[in-house]
Amino acid sequence: MAQARVKARPAGGESVFAERFGVFAECLLTGVWIAVAALGVVTHPAAFAAGARHLRRRIAHEDGGLREFVADFRVALRRGWVVGLAGWAVVAAVWIDVQAVRAGIPGGPLVGAIGVCALIGAVVALLRAAALWTPGAGWWALLAGAGRRTVLDPAGSFLIIGGLAVVAASAWFAAPLAVPVLGAVVAAAVAVEERYRHR
């Protein structure tokens with residue numbers, strides 16, 4: 001019985017409920033930080049990476065707050081802006097596909113469906129790469145590995161897609177709700193990568 005009580009309390013001495021609620025609250029706060037950092041046109045990969053690193057620190061009971069998030073964001077942005085630019089190029093290509101569908105071009109629906117699936121896959125791969133980002137990591141190597149895991153771990157990828165659907169539904173219901181939920185999506189990506197690592 002005493003052993004069960006010890007297991008029910010994390011390292012900090014707080015109850016499991018308090019620990020989990022604290023992580024959830026931290027996810028929502030991190031979502032706000034990510035949204036603000038992603039306001040720059042090409043800063044979203046760096047924002048996701050800094051948010052994921054902050055949540056990994058929180059889960060590991062390490063110190064870190066807004067100052068560390070900003071420091072990580074600056075480091076991630078040095079090369080991450082190129083990834084952000086490439087992401088917008090993918091979005092532009094999918095927009096052209098959707099216009100082809102609307103124009104009634106032969107084969108347009110198939111091309112449009114492939115384009116939308118590719119965009120979703122790219123977003124999942126970006127989130128999976130951001131979940132593992134560290135200051136010394138190269139973005140292209142992270143994205144290559146994340147692309148492979150996106151395909152080889154469909155269950156994890158669909159979990160992240162579910163998180164993205166929650167963000168979209170939140171934005172549809174009330175746009176401000178989507179902001180804190182971004183942190184929960186990044187937390188899902190961190191959890192998916194951790195699960196894949198321990199498979």
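Start by selecting Leu182: leaving out residues up to four places away in sequence, Leu182 touches Gly31, Ile34, Ala35, Phe48 and Val167. Keep in mind as you click around that this is a predicted model. Leu182 sits in helix H8, which covers residues 175-197. With a relative accessibility of 21%, Leu182 counts as partly exposed, because buried requires a value under 20%. For a sense of scale, draw a distance from the C-alpha atom of Leu182 to that of Trp95: the two are 87 residues apart along the chain and separated by 23 Å.

**Along H8 and into H7**

Stay in helix H8 and pick Val179. Its relative accessible area is 28%, so Val179 is partly exposed. Show its surroundings and, neighbours within four places in sequence aside, you will find contacts with Gly31, Val32 and Ala35. A second C-alpha distance to draw runs from Val179 to Arg58, which are 121 residues apart along the chain and separated by 20 Å.

Now move to helix H7, residues 154-173, and highlight Ser170. Is Ser170 buried or exposed? At 13% relative accessibility, Ser170 counts as buried. Setting aside neighbours within four places in sequence, Ser170 is in contact with Ala175, Leu177, Ala178 and Val181.

**H3 against H4**

Next, select residues 44-59, which form helix H3, together with residues 66-103, which form helix H4. Two packed helices are described by the angle between their axes and the distance between the axes. The axes of H3 and H4 come within 5 Å and cross at roughly 140 degrees. H3 and H4 are therefore oblique to each other, and their crossing is right-handed. To see the contact, show side chains on both helices: H3 contributes His44, Pro45, Ala46, Ala47, Ala49, Ala50, Gly51, Arg53, His54 and Arg57, while H4 contributes Glu68, Phe69, Asp72, Phe73, Ala76, Leu77, Gly80, Val83, Gly84 and Trp88. Colour the contact of H3 with H4 by class and you get eleven nonpolar, five polar and four charged residues.

One of those residues deserves a click of its own: Asp72, in helix H4. How accessible is Asp72, buried or exposed? Asp72 is buried, with a relative accessible area of 5%. Beyond residues up to four places away in sequence, Asp72 touches Ala50, Arg53, Arg57, Trp133 and Pro135.

Then follow the chain into the loop between H3 and H4 and stop at His61. Most residues other than glycine have a negative phi. For His61, however, phi is near 60 degrees, a positive value in a residue other than glycine. His61 counts as partly exposed, at 42% relative accessibility.

**H3 against H5**

Keep H3 on screen and add helix H5, residues 108-132. The axes of H3 and H5 come within 7 Å and cross at roughly 45 degrees. That crossing angle is why H3 and H5 are oblique to each other, and H3 passes H5 in a right-handed crossing. On the H3 side, look for His44, Pro45, Phe48, Ala49, Ala52 and Arg56; they meet Leu126, Leu127, Ala130, Ala131 and Leu132 in H5. By class, the contact of H3 with H5 holds nine nonpolar residues, one polar and one charged. Phe48 may look familiar, as it is among the residues that Leu182 touches.

**H5 against H6**

Leave H5 displayed and bring up helix H6, residues 139-152. The axes of H5 and H6 come within 8 Å and cross at roughly 120 degrees. That makes H5 oblique to H6, and the crossing of H5 and H6 is right-handed. In H5, select Gly121, Val124, Ala125, Leu126, Arg128, Ala129, Ala130 and Leu132; they meet Trp139, Leu142, Leu143, Ala146, Gly147, Arg149 and Thr150 in H6. The residues of the contact of H5 with H6 divide into ten nonpolar, three polar and two charged.

**Last stop: two cysteines**

Finish by selecting Cys27 and Cys117. Cys27 is buried, with a relative accessible area of 7%, whereas Cys117 counts as exposed at 55% relative accessibility. How many disulfides are there? Counting pairs of cysteine sulfur atoms within 2.5 Å, the total is zero disulfides.

Definitions and conventions. Residues numbered from 1 in each chain as written. Predicted model: local features only at pLDDT ≥ 70, side-chain atom pairs only at ≥ 80, totals over all residues. Heavy atoms only, no water. Axes fitted to C-alpha atoms, helices over the stretch in contact; angles between N-to-C directions. Helix = DSSP H or I, 4+ residues; strand = E, 2+ residues; numbered from the N terminus. Parallel < 35°, antiparallel > 145°, perpendicular 65-115°, else oblique. Left-handed = near helix turned anticlockwise from the far one by under 90°. Contact = heavy atoms within 4.5 Å. Nonpolar A, V, L, I, M, F, W, Y, C, P; charged D, E, K, R; others polar. Buried < 20%, exposed > 50% of the residue type's maximum accessible area, 1.4 Å probe, protein only.
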